[in-house]
Amino acid sequence: YMILPFIIVLITAFKGVPTLLCLGLGIVSSLIMGLIIGSTSLMGFFDLLYIGYSDAGSASVAMMLWVTAFGGIMNMMNAFEPFSKFILRISKSVRQLLFYNGVFCIIGNTLLADEMAQIVTIGPIIKEMTDNNVEASEENMYRIRLRNATFSDAMACFSALIIPWHCYVVFFRGIANSVYPLYSFGFSDIAKYNFMAYIAIISLLILTLTGLDKFIPLFHLPSEPEVKLKKYNANI
């Protein structure tokens, strides 16, 4: 019985159900299964939720929930449309468009201060920009979409660790200060030695812009004239 909530979360996630709703279904189904087999009571379940919420850092959890919802609202309002129009205007090639998409992901992560909010908000925007403005074969479009997905995910996770006000940093600082209260951990303690984050961000952007990604197996992008921006093709 108790594996059913996990299965429900996996199925709803694969179906594209929003993350918060997936987790909510998992929590509710856990309660139902617990009541059925008698492993918990209603009050006992609420006590477990309270303990888990407190141990995880209540302020961080609340901020993540709020920012994720806020990111969804911003997306529905097309609040980032000026950014996307600016990117399309300054892009002179498909590689430049993808490079700016990566930078756009970092900007979105900085503004939203939550990696999941950036993924669900900026991810669809850069996908739509690419699908609507790049002309390529289906195979090449798959490579381009894969690079966009890599940007959306990697920039969310890695740039989060070098943004002082990001919920990742706030959460990790709270946990670190609780586990080791003899030292007050600050932002620099998390960011200054995070070499993997710097290398991942810089290398992804440089390899995409310069075309040096061709030296990495299964990572290279197709170049002009295999792919091209539709705005230039329309002028031919």
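Where in the chain is the place of serine 41? In this predicted model, serine 41 sits in the loop between H2 and helix H3 (42-56).

**View 1. Serine 41 in the loop between H2 and H3.** Serine 41 is partly exposed, at 39% relative accessibility. Its C-alpha lies 8.3 Å from the C-alpha of leucine 31, and the two residues are 10 apart in sequence.

**View 2. Overview of the chain with its 12 helices and two strands.** Along the sequence the elements follow the order α-α-α-α-α-α-α-β-α-α-α-α-β-α. The chain has 236 residues, of which 33% count as buried. Of the contacts between residues at least 6 apart in sequence, 68% join residues at least 24 apart. About 13,700 Å² of the chain is exposed, and carbon and sulfur atoms supply 71% of that area.

**View 3. A nonpolar surface patch of about 950 Å².** The patch is made by Ile3, Leu4, Phe6, Ile7, Ile8, Leu10, Ile11, Phe14, Leu21 and Leu25. Helix H1 (4-14) and helix H2 (19-37) are the elements that give two or more residues to it. H1 gives the most, with seven residues. One of the patch residues is leucine 10, which is found in helix H1. Leucine 10 has a relative accessible area of 37% and is therefore partly exposed, the range for that class being 20% to 50%.

**View 4. Arginine 95 and its surroundings.** Arginine 95 is found in helix H6 (residues 94-112). With a relative accessible area of 10%, arginine 95 is buried, because the limit for that class is under 20%. Its side chain meets that of aspartate 213 in a salt bridge, with an N to O distance of 3.2 Å. Aspartate 213 lies in the loop between helix H11 (195-210) and strand E2 (228-229), so the pair ties together parts that are 118 residues apart in sequence. Both partners are buried. The side chain of arginine 95 also reaches the backbone oxygen of leucine 221 at 3.2 Å. Leaving aside neighbours within four places in sequence, the residues in contact with arginine 95 are Leu207, Thr208, Leu209, Gly211, Asp213, Leu221 and Ser223.

**View 5. The salt bridge between aspartate 131 and lysine 127 in helix H7.** The N to O distance between the two side chains is 2.8 Å. Aspartate 131 and lysine 127 are separated by about one helical turn, because they are four residues apart in helix H7 (residues 115-133). Aspartate 131 is partly exposed, with a relative accessible area of 21%; lysine 127 is partly exposed as well, at 45%. Both belong to a network of salt bridges that links Lys127, Asp131, Glu138 and Arg145.

**View 6. The salt bridge between glutamate 139 and arginine 143 in helix H8.** The side chains meet at 3.7 Å, N to O. The two residues lie four apart in helix H8 (residues 138-159), about one turn of the helix. Glutamate 139 is exposed, with a relative accessible area of 55%, whereas arginine 143 is partly exposed, at 27%. The salt bridges in the structure come to six.

**View 7. Cysteine 105 and cysteine 157.** Cysteine 105 is buried, with a relative accessible area of 0%, whereas cysteine 157 is partly exposed, at 27%. A search of the whole structure finds zero disulfides.

Notes:
Residues numbered from 1 in each chain as written. Predicted model: local features only at pLDDT ≥ 70, side-chain atom pairs only at ≥ 80, totals over all residues. Heavy atoms only, no water. Buried < 20%, exposed > 50% of the residue type's maximum accessible area, 1.4 Å probe, protein only. Polar contact = N/O pair within 3.5 Å; in protein donor to acceptor, adjacent residues only side chain to side chain. Contact = heavy atoms within 4.5 Å. Disulfide = S-S within 2.5 Å. Patch = residues over 30% accessible without salt bridge, like charges linked within 9 Å, V, L, I, M, F, W, Y side chains within 5 Å. Areas by Shrake-Rupley, 256 points an atom, 1.4 Å probe, with all protein chains shown as cover. Salt bridge = Lys/Arg side-chain N within 4 Å of Asp/Glu carboxyl O.
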